[in-house]
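I opened this entry to look up side-chain contacts: charged pairs first, then rings, then the nonpolar interior.

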Amino acid sequence: EYAQVKKMLGGAWVEAFCFDGKERRCHIPGSFRKKVWIQQGNIILVSLREFDDRVADIIHKYFVGEARSLIALKELPDTVDLSYSGVQFDQGDDDVIVDFDYFGYLRNPDAYRRIRSTGVLGMDEEQVEMNESLQEHGINPVY
């Protein structure tokens, strides 16, 4: 069964959304230790346990290119977000939170639309001020 890692639970366990519509706790085997690094958002292949439907074992991790091939072959739904990471960086007392996706772009739907439509990120005054504020705090935003 194909799945996408939603949360790292620790102790060689992850929470994953299987594409049969169920969320399961998945075990990372010892053979992956220091060889295969599982992260939030990765597409994985899991082996379901016969005696417990809520638990599975990870048997393979797909790289982004392999996952795209699976989507092209209709093994995965077209709606899979391969850029999902859910990582947020919190900077100090100013409550500045910058959320980046897998490729380093800001997670901002309006910015994505501008990039897709124009090929460049056009910034309005508010975005310019935010960019300057981030740079003052030592954060160099990636566009």
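How many salt bridges does the structure hold? I find six salt bridges. I note here that the model is a predicted one.

**Charged pairs**

I began with Lys22 and Asp53. Their side chains meet in a salt bridge, with N to O at 2.6 Å. The two residues sit in distant parts of the chain, 31 residues apart: Lys22 is in the loop between β2 (13-18) and β3 (23-27), and Asp53 is in the loop between β4 (43-48) and β5 (55-62). I looked up accessibility for both. Lys22 comes out at 40% relative accessibility and counts as partly exposed. Asp53, at 37% relative accessible area, is partly exposed.

Asp53 also forms a salt bridge with Arg24, where the closest N and O atoms are 3.0 Å apart. Arg24 belongs to strand β3 while Asp53 lies in the loop between β4 and β5, so this pair ties together parts 29 residues apart in sequence.

Is Arg24 buried or exposed? I read 2% relative accessibility for Arg24; the limit for buried is under 20%, so Arg24 counts as buried.

Next I took Arg49 and Asp57, which form a salt bridge with closest N and O atoms 2.8 Å apart. Arg49 has a relative accessible area of 25% and is partly exposed. Asp57, with 23%, is partly exposed.

Which residues are joined into one network by salt bridges that share partners? I list Asp20, Lys22, Arg24 and Asp53.

**Rings**

I then went through the aromatic rings, and the count comes to two aromatic pairs. Tyr2 and Tyr62 form a tilted pair, 5.9 Å centre to centre with 50° between the planes. Tyr2 is in strand β1 (residues 2-10) and Tyr62 in strand β5, so the pair ties together parts 60 residues apart in sequence. I find both Tyr2 and Tyr62 buried.

Why is the pair of Phe17 and Phe19 edge-to-face? The ring centres are 6.1 Å apart and the planes stand at 90°. Planes over 60 degrees apart count as edge-to-face, so I enter Phe17 and Phe19 under that heading. Phe17 is partly exposed at 27% relative accessibility, and Phe19 is partly exposed at 24%.

I also checked for charges over rings. Arg25 lies over the face of Trp13, at 4.3 Å from the ring centre.

**Nonpolar interior**

Which residues have the most contacts inside the largest nonpolar core? The core has 13 residues, and I wrote down Val14, Cys26, Ile38, Ile44, Val46 and Ile58 as those with the most contacts inside it. Two or more residues come from each of β1, β2, β4 and β5. Strand β2 gives the most to this core, with three residues.

I followed Ile58 further. Leaving out residues up to four places away in sequence, Ile58 touches Val14, Cys26, His27, Ile28, Pro29, Phe32, Ile38, Ile44, Leu45 and Val46.

Apart from the largest core I find another core, of nine residues. Among them are Tyr2, Ile71, Val80 and Leu82. Tyr2 therefore goes into my notes twice: as a member of this core, and as a ring in the tilted pair with Tyr62.

How values were computed
Residues numbered from 1 in each chain as written. Predicted model: local features only at pLDDT ≥ 70, side-chain atom pairs only at ≥ 80, totals over all residues. Heavy atoms only, no water. Salt bridge = Lys/Arg side-chain N within 4 Å of Asp/Glu carboxyl O. Helix = DSSP H or I, 4+ residues; strand = E, 2+ residues; numbered from the N terminus. Buried < 20%, exposed > 50% of the residue type's maximum accessible area, 1.4 Å probe, protein only. Phe/Tyr/Trp six-rings, centres within 6.5 Å; stacked < 30°, edge-to-face > 60°. Lys NZ or Arg CZ within 6 Å of the ring centre and 35° of its normal. Core = buried A, V, L, I, M, F, W, Y, C linked by side-chain atoms within 4.5 Å. Contact = heavy atoms within 4.5 Å.
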